[in-house]
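Student: I'd like to learn how to read surface patches, charge pairs and ring pairs in a model. Could you walk me through one?

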Amino acid sequence: MAEPTLGTCPQDVDSPEVMVFAGSSEVDVCYARIFWNSVTLQPPLESRLVSGDIRQRLRAAPPPAPQIEQIRLETQKALKAEEKAYYLEKAKQREEIIALLKTQREERLKKEQVSFNHKPKTIALNQRPTCTISEIEDMEAVKALPPLD
């Protein structure tokens, strides 16, 4: 019924081996060749290298971004811990300095109290009378005036 021979259809150029149908017109043979060439089986999807239709059967590995995010978060926590330790150390030093200054002040006040009892009494400049003799006389004259009724 069908024997492979080279025919005269334009599709003969593409395929070296052509099937010829005995007892059929040339036009029918051409149509038959076109039909059979169009329905050739494609390789199975699994054997193709790239296919948009196939979903991966195994779960896809997680993207590396969460691991990087985890590392970044751990680094941030470590930096915050270091910063907190630094500021706690500074606060401790500050408290020590304040305590030292307080004890030094108390010692200084004790020494001043001891020496205060032995210092000579001096009149400060602002406590000395600044009035002149004429002013004193004027004030006595004002006091001697009779009161006004």
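Tutor: Sure. Keep in mind that this is a predicted model. Let's start with one residue: Ile34 has a relative accessible area of 39%, so Ile34 counts as partly exposed.

Student: Which helix is Ile34 found in?

Tutor: Ile34 sits in helix α1, which covers residues 26-38.

Student: And which residues form the nonpolar patch on the surface?

Tutor: The patch is made of Val27, Tyr31 and Ile34. Taken together, these three have about 310 Å² of accessible area.

Student: Let me zoom out for a second. How many helices and strands are there in the protein?

Tutor: The protein has 3 helices and 2 strands. Reading from the N terminus, the order is β-β-α-α-α.

Student: What share of the residues counts as buried?

Tutor: Just 5% of the 149 residues. Buried here means under 20% relative accessible area.

Student: Now charges. How do I read a salt bridge?

Tutor: The general idea is that side chains of opposite charge can pair when their charged atoms come close. In this model, a search of the whole structure turns up 3 salt bridges.

Student: Where does Arg72 come in, and what is its partner?

Tutor: Arg72 pairs with Glu69, and their closest N and O atoms are 2.4 Å apart. Both residues belong to helix α2, residues 65-116, and they are 3 residues apart, about one turn of the helix. As for exposure, Arg72 is partly exposed at 40% relative accessible area, and Glu69 is partly exposed as well, at 35%.

Student: What about Arg108 and its salt bridge?

Tutor: Arg108 bridges to Glu112, with 3.4 Å between the closest N and O atoms. These two are 4 residues apart in helix α2, which means about one helical turn separates them. Arg108 has a relative accessible area of 42%, so it is partly exposed. Glu112 is partly exposed too, with 40% relative accessibility.

Student: Which residue does Glu95 form a salt bridge with?

Tutor: With Arg94, where the closest N and O atoms are 3.6 Å apart. Check the exposure of each partner separately: Glu95 is partly exposed at 48% relative accessibility, while Arg94, at 52%, counts as exposed.

Student: Why do those two get separate labels?

Tutor: The cut-off for exposed is over 50% relative accessible area. Arg94 has 52% and is therefore exposed, whereas Glu95 has 48% and is listed as partly exposed.

Student: Okay, and how should I read a pair of rings?

Tutor: A pair of aromatic rings is described by the distance of the centres and the angle of the planes. Here the count comes to 1 aromatic pair. That pair is Tyr86 and Tyr87: the ring centres are 5.3 Å apart and the planes stand at 70°, so the arrangement is edge-to-face. An angle over 60 degrees is what earns that label.

Student: Is Tyr86 buried or partly exposed?

Tutor: Tyr86 is partly exposed, with a relative accessible area of 46%.

Student: One last feature. Which residues gather in the patch of negative charge?

Tutor: Glu135, Glu137, Asp138 and Glu140 make up that patch on the surface. Take Glu135 as an example: Glu135 lies in helix α3, residues 133-144, and with 38% relative accessibility Glu135 counts as partly exposed.

Key:
Residues numbered from 1 in each chain as written. Predicted model: local features only at pLDDT ≥ 70, side-chain atom pairs only at ≥ 80, totals over all residues. Heavy atoms only, no water. Patch = residues over 30% accessible without salt bridge, like charges linked within 9 Å, V, L, I, M, F, W, Y side chains within 5 Å. Areas by Shrake-Rupley, 256 points an atom, 1.4 Å probe, with all protein chains shown as cover. Salt bridge = Lys/Arg side-chain N within 4 Å of Asp/Glu carboxyl O. Lys, Arg positive; Asp, Glu negative; His and termini not counted. Charge placed at Lys NZ, Arg CZ, Asp CG, Glu CD. Buried < 20%, exposed > 50% of the residue type's maximum accessible area, 1.4 Å probe, protein only. Phe/Tyr/Trp six-rings, centres within 6.5 Å; stacked < 30°, edge-to-face > 60°.
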